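Got your viewer open? Let's take a walk through this structure, one selection at a time.

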Amino acid sequence: MSVFKVTQGDGPVILAYPHSGTLVPEEITTRFNAEGRLLRDTDWHLPTLYDGLLAGATHVEATFHRYVIDANRGPEDESLYPGQNTTGLCPAVRFSGEPVYAEGQAPSPDEIDARVEQYWRPYHQALRGELDRLHAAA
């Protein structure tokens, strides 16, 4: 399973989609509660919305769902919205505060570290690779 999808363009713009993926490995899905299995916090239509909008744009899309790991956060899990409700690097709750995992099934710190390596890091390496490619072509 590839954790990202890249469509290379020849223009200077990269469109990144960190929240449009819906892939959740079965070993994680089985730990979600009914709310979590709905995958509500997905940017369902963003790739379609931007498709063809900018000729030559490169697209880098996370294929995994943000409940697996939020690719739009830093790996240190710093809050993006200090003082506001937040969801975390491996969200155990939605922005509304509703849990997405069954009781006692949220990922441990070691599992979060493993998800950084398995999902977050490869996605960001793909972004970096495309930035480097376009920079070298300029």
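Start by selecting L39, which you'll find in the loop between α2 and α3 (46-50). One thing to keep in mind as you click around: this is a predicted model. Check the backbone at L39: its phi is positive, about 50°, although L39 is not a glycine. Is L39 buried or exposed? Its relative accessible area is 12%, and the cut-off for buried is under 20%, so L39 counts as buried.

**Next stop: a pair of rings**

Now select F32 and Y101 and show their side chains. How far apart are the centres of the two rings, and at what angle do the planes stand? The centres are 5.0 Å apart and the planes are at 70°, so this pair is edge-to-face; the cut-off for that label is over 60 degrees.

Colour the chain by position and you can see where each partner comes from. F32 belongs to the loop between α1 (26-29) and α2 (34-37), while Y101 belongs to the loop between β3 (58-62) and α4 (109-137). That puts the two 69 residues apart, so the pair links distant parts of the chain.

Switch on the surface and look for them again. F32 has 2% relative accessibility, so it counts as buried. Y101 has 5%, so Y101 counts as buried too.

Keep both selected and add Y67: F32, Y67 and Y101 form one aromatic cluster. If you feel like hunting for others, the structure holds five aromatic pairs.

**On to the sheet**

Switch to cartoon view and pick out the strands. Which order do they take in the sheet? The order is β1-β3-β2, three strands in an open sheet with mixed pairing. β1 and β2 are at the edges with a single partner strand each, so one side of each has no neighbour in the sheet. Look along the sheet and you'll see a twist that averages 10° from one strand to the next.

Zoom in on β2 and β3. These two run parallel and are joined by four bridges. Select Y17 and look across to β3: the residue standing opposite is E61.

**Last stop: the surface**

Finally, select V13, L53 and L54 with the surface on. Together they make a nonpolar surface patch of about 240 Å². V13 sits in the loop between β1 (4-7) and β2 (14-17). With a relative accessible area of 31%, V13 is partly exposed.

Methods:
Residues numbered from 1 in each chain as written. Predicted model: local features only at pLDDT ≥ 70, side-chain atom pairs only at ≥ 80, totals over all residues. Heavy atoms only, no water. Phe/Tyr/Trp six-rings, centres within 6.5 Å; stacked < 30°, edge-to-face > 60°. Buried < 20%, exposed > 50% of the residue type's maximum accessible area, 1.4 Å probe, protein only. Patch = residues over 30% accessible without salt bridge, like charges linked within 9 Å, V, L, I, M, F, W, Y side chains within 5 Å. Areas by Shrake-Rupley, 256 points an atom, 1.4 Å probe, with all protein chains shown as cover. Salt bridge = Lys/Arg side-chain N within 4 Å of Asp/Glu carboxyl O. Pairing = 2+ DSSP bridges. Axes fitted to C-alpha atoms, helices over the stretch in contact; angles between N-to-C directions.
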